[in-house]
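Open your viewer, set a cartoon view, and keep the selection box handy. We will go from one stop to the next, and at each one you will find something to select and a note on what is there.

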Amino acid sequence: MGAAAACYTNAMTMISAEAQLEELRQRLLTDNPCPELAASATQLVFGVGSSTADIMLIGEAPGAKEDQRGEPFVGASGKFLDEMCSAAGLQRSDVYITNIVKYRPPHNRDPLPEEKVAFWPYLAKQIHIIQPRVILPLGRHSGTLFVPGLRISHDHGQPVTVNVAGRERLIIPLYHPAAALYRGDLRSTLLVDFVQAAQLARQATQE
């Protein structure tokens with residue numbers, strides 16, 4: 001490697017993960033991979049939390065509250081997500097939270113396959129920057145992105161190793177927190193699954 005290339009590589013490693021995420025957010029705004037979706041939404045909902053988190057939670061798309069605030073999981077499902085973090089001895093700021101699709105789909109419809117494809121390169125880059133020990137896809141739409149053929153009712157809480165963004169990563173699909181709002185019996189399931197996932201992340205860190 002030449003001196004100039006070495007200097008460039010060293011400079012890149014000195015850029016903080018937080019700065020890299022902000023650069024990616026700006027690039028996403030410029031690229032605008034889904035113009036129609038962006039035009040129907042209030043704002044981009046990029047992601048929040050620790051830029052060096054061991055745990056990354058990935059939902060499907062922002063809802064109405066998230067669209068207004070510009071932050072993922074701030075509605076009723078977000079309150080339950082906070083409860084999940086607390087049960088695992090974590091703060092919301094200890095993890096990183098985002099969605100596959102970064103703009104709210106009209107009328108809270110499910111994200112379309114082509115929308116998930118359009119946003120995937122930016123999500124993959126988020127994962128590459130943060131380097132989480134464990135990725136927790138929340139719900140079927142997010143889960144099948146990482147684990148094709150996933151059956152969330154059968155596979156929730158089950159860790160699987162998948163190559164994501166250039167390296168093997170531990171994926172643990174979970175029910176979406178919103179599911180617990182409609183089915184009270186899923187609250188305990190989600191809490192147990194999340195606590196176990198947090199324990200696996202701690203073990204991976206120690207190793």
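A pocket, as the word is used here, is an open set of points on a 1 Å grid over the protein atoms alone, with protein on both sides within 12 Å along at least five of seven lines. Please bear in mind that you are looking at a predicted model.

**Stop 1: the largest pocket**

How much space lies in the largest pocket? The volume there is about 650 Å³. Select E60, A61, S77, H176 and A178 to land in the right place: of the 28 residues that line this pocket, these are the closest to its centre. Next, colour α4 (64–69), α5 (76–87), α7 (140–146) and α9 (177–182), the elements that give two or more residues to the lining. The largest share comes from α9, with four residues. If you colour the lining by class, you will see twelve nonpolar, nine polar and seven charged residues.

**Stop 2: the second largest pocket**

Now select E18, L21, E22, R25, F46, G47, V48, G49, S51 and Y96, which line the second largest pocket. About 160 Å³ of space lies in this one. Which element gives the most to its lining? Helix α2 does, with four residues, while α2 and β1 (48–49) each supply at least two. By class, the lining has four nonpolar, three polar and three charged residues.

**Stop 3: α2 against α6**

Stay with α2 (residues 17–31) and add α6 to the selection; the axes of these helices come within 10 Å and cross at roughly 170 degrees. Angles over 145 degrees count as roughly antiparallel, and α2 and α6 are therefore roughly antiparallel to each other. To see the contact, show side chains for A17, Q20, L21, L24, R27, L28 and D31 in α2, which meet F119, Y122, K125, Q126, I129 and I130 in α6. The residues of this contact divide into eight nonpolar, two polar and three charged. Notice L21, which you have met before: it is on the list for the contact with α6 and also lines the second largest pocket.

**Stop 4: E115**

Finish in α6 (residues 113–130) by selecting E115. Is E115 buried or exposed? Its relative accessibility is 7%, so E115 counts as buried, the cut-off being under 20%. For its surroundings, select C34, L37, V101 and R109: E115 touches these, not counting residues up to four places away in sequence.

Methods:
Residues are numbered from 1 along each chain as its sequence is written. This is a predicted model: local features need pLDDT of at least 70, side-chain atom pairs count only at pLDDT 80 or more; totals for chains, interfaces and linings use all residues. Side-chain values use heavy atoms; hydrogens and water are left out. Buried means under 20% relative accessible area, exposed over 50%, partly exposed in between (1.4 Å probe, protein chains only). Contact means heavy atoms within 4.5 Å. Axes are lines fitted to C-alpha atoms, for helices over the stretch in contact, and angles run from 0 to 180 degrees between N-to-C directions. Angles under 35 degrees count as roughly parallel, over 145 as roughly antiparallel, 65 to 115 as roughly perpendicular and the rest as oblique. Ala, Val, Leu, Ile, Met, Phe, Trp, Tyr, Cys and Pro count as nonpolar, Asp, Glu, Lys and Arg as charged, and the others, Gly among them, as polar. On a 1 Å grid over the protein atoms alone, a cavity is a set of points where a 1.4 Å probe fits but cannot get out, and a pocket is an open set with protein on both sides within 12 Å along at least five of seven lines; lining residues have an atom within 4 Å of a point. Grid points are joined across faces, edges and corners, and a volume is the space filled by probe spheres set on the points.
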